[in-house]
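Good morning, everyone. Please keep the sequence and the model open while I talk, and stop me whenever a term is unclear.

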Amino acid sequence: MSRNHLIAPSILSADFARLGDEVRAVIDAGADWIHFDVMDNHYVPNLTFGPMVCEALRQHAVRAGGARVPIDVHLMVQPVDALASAFAKAGADCISFHPDASTHVDRTLQLIRDAGCKAGLVFNPAASIDGLEWVLDKVDLLLVMSVNPGFGGQGFIASALRKIERLRRLIDDSGRDIRLEVDGGIKVDNIRRVADAGADTFVAGSAIFGQRDYAAVIAAMRQQLAA
Ligand code: DX5
Ligand code: ZN
């Protein structure tokens, strides 16, 4: 089945001293979404940026013609709810969180949707997807971690492919409009395999921002996806 594939560069690997310019550059290079990794030094052993930075970057997340580019917020924080609300106010389009970081997953999903955002659940490499069927009607996106969260530039964990296959079946069987995103270790040379497993949205940090020519990397990724 052919789906539209989206590429979501993670600004975790961008130059933090020039974040606005980096967001514009990667959009000009062909990014579909901007992936925004929020780390709290509690749920994960690293610390990045909060809602104020998201709000500041929002004005840069636009295409040349003026169309907005969605900001895909990946919360690696605990607790979740207050920050999810803050990111909704800061202009996030989609907010995903790790179910093990929220005491009441259903409530958090509703809170995100009630704030007008799309809601996503994120599964760590060792996380089970049990329980998902009970909230599938409240989810717009499922995000499979193919590295342990906390850092860019790690290697792809192969078992993520089986998890993606399983989630693809679950989504297709449900008939719901749910995106299946993958995050961690995505490169030009493995993106096709991940798409074949069923993913339709690809986060890539170091693969894109680690190269001089962002457009060339994104074009090479699309070429792989189209092949
Ligand atoms: C890891 C983050 C990822 C990360 C991916 O916790 O969620 O989004 O930036 O980076 P790469 O593509 O370098 O593995
Ligand atoms: Zn991420």
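Let me begin with a single residue: N41 counts as exposed, at 53% relative accessibility, where exposed means over 50% relative accessible area, buried means under 20%, and partly exposed lies in between, with a 1.4 Å probe and protein chains only. N41 is found in the loop between β2 and α2, and its phi is near 60 degrees, a positive value in a residue other than glycine. Most residues other than glycine have a negative phi, and most peptide bonds are trans. With that in mind, look also at the peptide bond from Q78 to P79, which is cis, with omega near 0 degrees; P79 lies in the loop between β3 and α3, the latter being residues 81-89.

Before going further, I should say how to read all this. This is a predicted model, in which local features need pLDDT of at least 70 and side-chain atom pairs count only at pLDDT 80 or more, while totals for chains, interfaces and linings use all residues. Residues are numbered from 1 along each chain as its sequence is written, chains are lettered from A and ligands numbered from 1 in the order in which they are written, and side-chain values use heavy atoms, with hydrogens and water left out.

Now the overall picture. The protein has eight helices and eight strands, which are DSSP runs numbered from the N terminus, with helices being H or I runs of at least four residues and strands being E runs of at least two. The radius of gyration is 16 Å, close to the 17 Å that the globule rule gives for 227 residues, so the protein is as compact as a globular protein of that length; this radius is taken over C-alpha atoms, and the rule is 2.2 Å times the number of residues to the power 0.38. Along its principal axes, the C-alpha trace spans about 45 × 40 × 35 Å, and of the 227 residues, 53% count as buried. If we take contacts, meaning heavy atoms within 4.5 Å, between residues at least 6 apart in sequence, 64% of them join residues at least 24 apart.

Next, the metal site. Which residues are the protein donors of the zinc ion, ligand 2? They are H35 through NE2, D37 through OD, H74 through ND1 and D183 through OD, lying 2.0 to 2.3 Å from the zinc ion. Donors here are N, O and S atoms within 2.8 Å of the metal (3.2 Å for Na, K and Ca), and because water is not among the atoms, sites may look incomplete. Along the chain the donors follow the spacing H-x1-D-x36-H-x108-D, and one pair links distant parts of the chain, with D37 in strand β2 (residues 34-39) and D183 in strand β7 (residues 179-183), 146 residues apart. D37 is buried at 4% relative accessibility, and D183 is buried too, at 8%. The site is octahedral, with angles of 67 to 168 degrees among its six donor atoms; six donors count as octahedral if opposite donors are over 155 degrees apart and all others between 65 and 115. Ideal angles at a metal are 90 or 180 degrees for six octahedral donors.

Let me finish with a few residues elsewhere. Is I95, in strand β4 (residues 94-97), buried or exposed? At 0% relative accessibility, I95 counts as buried, and, not counting residues up to four places away in sequence, I95 touches ten residues that include V73, L75, F87 and I112.

H60 is found in the loop between α2 (51-58) and β3 (71-76), and at 18% relative accessibility H60 counts as buried. The side chain of H60 makes a polar contact with the side chain of R24 at 3.0 Å, a polar contact being a pair of N or O atoms within 3.5 Å, where within protein one must be able to donate a hydrogen and the other to accept it, and where residues adjacent in sequence count only if both atoms are side-chain atoms.

Finally, A160 has its place in helix α5 (residues 159-174) and counts as buried, at 6% relative accessibility. A160 and V144 are 16 residues apart along the chain, with their C-alpha atoms separated by 6.8 Å, and leaving aside neighbours within four places in sequence, A160 is in contact with V144, M145 and S146.

How values were computed:
Tetrahedral: all angles 85-135°; square planar, octahedral: opposite > 155°, others 65-115°.
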